There are 4 protein chains.
Amino acid sequence: MPKTQEKHLFNRLSAEKQERIMHACIEEFARAGYINASTNKMAKAAGISKGSLFKYFSSKKELYVEVIDHILEDFFGYVQSKDHYLEEKDILERLKLVTKETYSFFRKKTSLFKVLMRVKTEGKMNVMEQLKERWEPKVAFFYGRFFSGVDFSNLALTQEEFIKLWNLIDYAIDSEVLSELNGEFSMDDLEAAYENRLGLIHRVLKNGIYKKEKK
Amino acid sequence: MPKTQEKHLFNRLSAEKQERIMHACIEEFARAGYINASTNKMAKAAGISKGSLFKYFSSKKELYVEVIDHILEDFFGYVQSKDHYLEEKDILERLKLVTKETYSFFRKKTSLFKVLMRVKTEGKMNVMEQLKERWEPKVAFFYGRFFSGVDFSNLALTQEEFIKLWNLIDYAIDSEVLSELNGEFSMDDLEAAYENRLGLIHRVLKNGIYKKEKK
Amino acid sequence: MPKTQEKHLFNRLSAEKQERIMHACIEEFARAGYINASTNKMAKAAGISKGSLFKYFSSKKELYVEVIDHILEDFFGYVQSKDHYLEEKDILERLKLVTKETYSFFRKKTSLFKVLMRVKTEGKMNVMEQLKERWEPKVAFFYGRFFSGVDFSNLALTQEEFIKLWNLIDYAIDSEVLSELNGEFSMDDLEAAYENRLGLIHRVLKNGIYKKEKK
Amino acid sequence: MPKTQEKHLFNRLSAEKQERIMHACIEEFARAGYINASTNKMAKAAGISKGSLFKYFSSKKELYVEVIDHILEDFFGYVQSKDHYLEEKDILERLKLVTKETYSFFRKKTSLFKVLMRVKTEGKMNVMEQLKERWEPKVAFFYGRFFSGVDFSNLALTQEEFIKLWNLIDYAIDSEVLSELNGEFSMDDLEAAYENRLGLIHRVLKNGIYKKEKK
DNA sequence: CATGAATGAGTTTTCATTCAT
DNA sequence: CATGAATGAAAACTCATTCAT
């Protein structure tokens with residue numbers, strides 16, 4: 001008795017087909033957001049029938065969850081593979097390196113980025129509930145890696161507090177950027193908007209998060 | 001004799017009815033955001049006909065603008081009336097006082113808060129254009145007040161930078177709170193979520209925004 | 001006991017007011033046609049309330065009938081006052097003169113003309129039934145005048161046949177002109193379109209389509 | 001194997017269903033004209049859902065174009081199949097024959113006739129633009145046939161003038177008939193109304209309105 | 001298993017008509 | 001008598017989801 005029977009129908013498809021479908025769905029969600037995204041267009045773009053799409057994912061909402069999960073899998077996989085930042089011991093410098101990697105990942109995958117930003121916006125829908133279950137362990141693992149080897153002795157914040165702060169910063173920048181950039185934006189626009197804010201934030205963080213130099 | 005003749009049809013309704021309609025619309029916009037809000041549901045909830053709703057507001061977009069304007073008017077009016085914070089000269093302490101007033105205003109008006117949070121993220125729609133015209137002068141006036149009498153000589157940030165930072169903080173907290181609290185949330189939840197973050201932020205700001213003491 | 005009690009409420013209004021209302025209605029019907037004409041706009045343009053408009057005319061349809069009647073009254077009155085054409089004894093020449101007078105009447109009253117043309121188009125509605133009752137006697141009277149003194153001895157058609165032919169010509173030109181000119185048209189456009197066709201028609205009326213046998 | 005894959009969804013339906021839908025739409029357009037025709041009523045009458053109707057035809061406008069195209073296809077196909085009139089060399093006699101065939105076609109299809117009459121008068125809408133593209137080549141082909149073998153040497157009109165005249169006659173009769181017959185009319189009524197006018201018209205076309213001068 | 005035609009409740013908006021004041 | 005706020009049926013059109021083939 002194989003225990004794959006509980007698995008999604010979708011997962012039994014060939015990798016190529018899975019990727020094709022995911023790609024089509026991501027593009028559509030990125031283009032239009034959850035509500036306005038058309039499952040019809042997705043099916044057409046993926047070259048499958050509407051019927052099949054709803055066989056693979058029982059509803060639009062579930063599809064959304066899977067799409068986001070797929071993106072996160074992709075992203076965390078990438079970040080994990082780039083761990084040269086671990087050599088940098090200063091936490092702020094390490095943060096800058098990770099941010100840079102994040103850019104370089106999303107630069108070629110703008111659609112993924114758009115979908116993720118939209119998720120935050122469309123928070124309400126209880127989609128989020130289902131997402132968190134999957135999201136959190138991955139995030140926890142990532143944080144574990146990020147902080148490994150960091151010396152907290154000269155920091156005024158605990159690791160937990162630093163994470164909380166980091167989340168806030170992400171949210172802040174994403175949201176503000178999202179409301180500044182109108183719908184259509186290039187990754188260049190995006191990076192410019194980021195740079196605009198990150199300098200200030202880092203300056204504030206620097207003179208705040210470290211213990212006051214004595215004397 | 002005021003010349004109300006040119007005023008909106010809506011404004012001629014009894015205060016009770018105006019409030020009933022506004023309330024219904026706010027609840028619906030809070031629940032679903034601009035795009036998904038249903039004018040049908042609003043009319044039904046307000047106990048008026050679809051026809052009447054569109055007599056009062058010529059389109060869904062205009063309705064949205066008026067609703068938000070209504071909320072802001074309400075909010076800024078309240079904040080303005082509470083200006084004891086001006087006595088506090090330290091900017092961070094002053095910020096805390098203002099934030100506290102903000103809480104106490106929105107505590108009883110969770111829906112207003114939700115609508116405003118959504119506005120920020122629905123940037124795209126050209127509704128925003130019309131909103132900005134009305135919004136910005138009010139915001140500018142508010143900032144003018146907030147900074148009056150503040151001594152910048154011991155601050156490492158310009159007023160402009162401070163505003164930018166403040167905006168980021170607002171966005172950060174709003175967004176994170178929004179995605180943390182699922183749809184239905186009490187103002188207690190909200191305040192708890194805020195407190196959770198504000199303490200940390202203020203601590204970081206404190207040791208960062210002031211010039212390093214020499215010696 | 002005055003017998004005005006059966007009369008329309010409308011007819012008891014001052015001549016000035018009647019004219020003001022009629023004018024507003026005509027302009028609106030001319031602008032938009034029966035279906036799309038807005039009774040709201042009429043009332044507003046006439047400076048009366050919607051309620052009053054529907055007191056004066058029990059429905060939009062009845063209003064339409066009255067408006068058309070008003071126009072025809074106006075037109076037939078004018079044509080009657082210009083009877084110099086009676087001096088011309090040749091029927092075709094007389095017809096040309098009358099056509100010319102028709103132009104000169106409508107040139108200053110394009111809206112009246114538009115309404116009349118539209119009536120023909122929107123034939124179906126049983127508005128027509130009610131109209132005919134009023135229309136026909138006036139038309140009969142007009143025809144009586146038109147033919148007075150005409151020598152039928154050299155005509156191959158009876159008076160009745162000539163009238164039938166005349167009607168056909170009017171319909172033909174109006175309809176074709178209407179479908180050629182797109183909604184918005186000046187009286188110049190209109191006259192040009194007419195001239196374009198009338199020459200041919202007169203030639204055929206005069207001689208038929210075959211060449212005259214020589215000799 | 002014809003490559004029908006690019007064809008309309010509508011064309012893939014069973015002939016019976018296509019006919020049922022077309023019939024319902026034609027009846028509705030005939031009843032109410034383009035603007036007032038209700039797509040809801042059409043769907044209901046055809047026994048299909050609103051959704052399906054808009055799957056088959058992407059908009060009301062497109063539906064209208066297709067309906068008219070359908071009628072014209074039908075009509076021109078019929079006329080083409082009946083070309084015995086080509087044996088008649090006199091143009092007026094040939095015209096009579098064609099007119100007779102036209103009757104016999106529309107006798108059983110009154111609604112088709114009504115729709116076509118309405119099209120002519122609803123000139124304004126830019127629907128017409130799309131229609132002309134399809135209509136004109138068919139009409140041109142038909143005229144080409146009609147005049148083939150006709151001797152113009154004894155005609156006082158050019159072919160172009162004759163066509164213009166013919167159009168006028170069509171418009172005249174259609175319009176007058178339309179306004180005479182109120183909404184509901186049988187094809188018998190129609191033919192009677194036609195006969196009533198055509199005899200006169202042909203007489204005038206032949207000789208003009210004046211008696212022939214004695215030689 | 002895959003398909004895609006069919007569905008119908010839903011959307012925003014309009015406007016002739018009524019009726020309480 | 002005059003008013004004009006209120007009504008609600010109707011319009012064209014969309015789209016996630018189902019189910020017979």
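Ala, Val, Leu, Ile, Met, Phe, Trp, Tyr, Cys and Pro count here as nonpolar, Asp, Glu, Lys and Arg as charged, and the others, Gly among them, as polar. Keep that colour scheme ready for the stops below.

This is a predicted model, in which local features need pLDDT of at least 70, side-chain atom pairs count only at pLDDT 80 or more, and totals for chains, interfaces and linings use all residues. Residues are numbered from 1 along each chain as its sequence is written, chains are lettered from A and ligands numbered from 1 in the order in which they are written, and side-chain values use heavy atoms, with hydrogens and water left out.

**Stop 1: DNA strand F**

Select DNA strand F. Then select the residues near it, where near means that a heavy atom of the residue lies within 4 Å. There are 33 residues around DNA strand F, and the closest are Thr39(A), Lys17(B), Tyr56(B), Ser52(C) and Lys60(D). Of the atoms of DNA strand F within 4 Å of the protein, 62% belong to sugar and phosphate. Colour this surface by class: 9 residues are nonpolar, 15 polar and 9 charged.

Zoom in on polar contacts (pairs of N or O atoms within 3.5 Å; within protein, one must be able to donate a hydrogen and the other to accept it, and residues adjacent in sequence count only if both atoms are side-chain atoms). Thr39(A) places a polar side-chain atom 2.7 Å from a phosphate oxygen of DNA strand F. For Thr39(D), the distance from a polar side-chain atom to a phosphate oxygen of this strand is 2.9 Å. Ser49(C) has a side-chain N or O atom 3.3 Å from a phosphate oxygen of DNA strand F.

Now show helices (DSSP runs of H or I, at least four residues, numbered from the N terminus). Which helix gives the most to the surface near DNA strand F? Select H3(B), which supplies 5 residues.

**Stop 2: DNA strand E**

Move to DNA strand E. Its surroundings hold 33 residues, with Asn40(B), Ala37(C), Thr39(C), Lys17(D) and Tyr56(D) the closest. Here sugar and phosphate make up 57% of the strand's atoms that come within 4 Å of the protein. Select H3(D) next: its 5 residues are the largest share of the surface near DNA strand E.

Pick Thr39(C). One of its polar side-chain atoms is 2.7 Å from a phosphate oxygen of DNA strand E. Then try Gly51(A), where a polar backbone atom lies 3.1 Å from a base nitrogen of DNA strand E.

**Stop 3: two helices of chain C**

Select residues 15-36 of chain C, helix H1, and residues 60-81 of chain C, helix H4. Their axes (lines fitted to C-alpha atoms over the stretch in contact) are compared by N-to-C direction, with angles from 0 to 180 degrees. The angle is about 110°, and the axes are 10 Å apart. H1(C) and H4(C) are therefore roughly perpendicular, a term for angles of 65 to 115 degrees.

Show the contacts (heavy atoms within 4.5 Å). Met22(C) and Phe29(C) are among the residues of H1(C) that meet H4(C), whose side includes Leu63(C) and Val67(C). By class, this contact has 10 nonpolar, 1 polar and 4 charged residues.

**Stop 4: confidence in chain A**

Colour chain A by pLDDT, the predictor's confidence in each residue, from 0 to 100. The chain averages 80, and 85% of its residues score at least 70. Select residues 1-7 of chain A, where pLDDT stays under 50.

Definitions and conventions. Parallel < 35°, antiparallel > 145°, perpendicular 65-115°, else oblique.
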